[in-house]
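Me: I am new to this structure and would like to learn how to read it. Where should we begin?

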Amino acid sequence: MSVRIAPSILAADFANLERDIREVVSADLLHVDVMDGHFVPNLTIGVPVVRRLAEVSPLPLDVHLMIEDPDHWAPRYAELGATSVTFHSEAAKKPRQIATDIKSSGARASVAIKPDTPAEAVMELLGVVDMVLVMTVEPGFGGQSFMPETLAKLTALRAAAVEAGTELWLQVDGGITTDTAPAAVAAGADTLVAGSAVFGASDRARAVQALRDVCQL
Ligand code: DX5
Ligand code: ZN
């Protein structure tokens, strides 16, 4: 199975984003972490910067919203040109409606769960969302260690999607390296976010290829 690789610009040089993005064009998606300092204890970028990234990025934008009130904000990111918009289950008031709104604004809809949130929290959204993001670290910061206890949720979600006959992308985010990616893929993940493992490498294109290579099953 071939996997999708999504380098996270959280680990890139924020003063040279366009330059850094050009170094990872061999990837499949560009992962953009939006944090509001409330849902997570960190603050990154918002609508104006993501709008500009959508204009200059040769890769489709995979926007990960770690913010409160995704009911209002998620469709706005879809409208400004993101290919995929992920909102957190824990912050959503009406997750079905958010997914519908994202899709009617032209993007793929995705729901994320934190490490302590069970897979059951999003089971009823299979068939509504295009992707589930299983966080493999606590959201908020790059460079943390992969939490292997999250693997069982990937297995459960993949099995449920297969049983329902639903095509579902399953994304992992946090601590993904050439050491941890194979276990995530074996458990059912097909879309890998990697921040430090890609942008922390001196040869970013080679780091993307290295992740692909270790996931060839
Ligand atoms: C963390 C972010 C991640 C982060 C991953 O909350 O959602 O996308 O950039 O960074 P690494 O790959 O370094 O764990
Ligand atoms: Zn992320």
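Reply: Begin with burial: a residue counts as buried when its relative accessible area is under 20%. The model here is predicted.

Me: Which residues of helix H3 are buried?

Reply: Helix H3 spans residues 70–79, and its buried residues are Pro-70, Ala-74, Pro-75, Tyr-77 and Ala-78. They lie on the same side of H3, because the arc they cover around the axis is only 155 degrees.

Me: What covers the buried residues of H3?

Reply: The cover includes three strands, E2 (30–35), E3 (61–66) and E4 (84–88). It also includes helices H2 (47–56) and H4 (95–104).

Me: Which residue just after H3 takes a positive phi?

Reply: That is Gly-81, with a phi of about 115 degrees.

Me: Now the metal. Which residues are the protein donors of the zinc ion (ligand 2)?

Reply: To read a metal site, look for N, O and S atoms within 2.8 Å of the metal. For the zinc ion (ligand 2), the protein donors are His-31 (NE2), Asp-33 (OD), His-64 (ND1) and Asp-173 (OD), at 2.1 to 2.3 Å. The site has 6 donor atoms and is octahedral, with angles of 72 to 172 degrees among them.

Me: How are the donor residues spaced in sequence?

Reply: The spacing is H-x1-D-x30-H-x108-D. Distant parts of the chain are linked here: Asp-33 belongs to strand E2 and Asp-173 to strand E7 (residues 169–173), 140 residues apart.

Me: Are Asp-33 and Asp-173 buried or exposed?

Reply: Asp-33 counts as buried because its relative accessibility is 7%. Asp-173, with a relative accessible area of 9%, is buried too.

Methods:
Residues are numbered from 1 along each chain as its sequence is written. Chains are lettered from A and ligands numbered from 1 in the order in which they are written. This is a predicted model: local features need pLDDT of at least 70, side-chain atom pairs count only at pLDDT 80 or more; totals for chains, interfaces and linings use all residues. Side-chain values use heavy atoms; hydrogens and water are left out. Buried means under 20% relative accessible area, exposed over 50%, partly exposed in between (1.4 Å probe, protein chains only). Helices (H or I, at least four residues) and strands (E, at least two) are DSSP runs, numbered from the N terminus. The arc is that of the directions from the helix axis to the C-beta atoms. Contact means heavy atoms within 4.5 Å. Donors are N, O and S atoms within 2.8 Å of the metal (3.2 Å for Na, K and Ca); water is not among the atoms, so sites may look incomplete. Four donors count as tetrahedral if all angles lie between 85 and 135 degrees; four count as square planar and six as octahedral if opposite donors are over 155 degrees apart and all others between 65 and 115; anything else is irregular.
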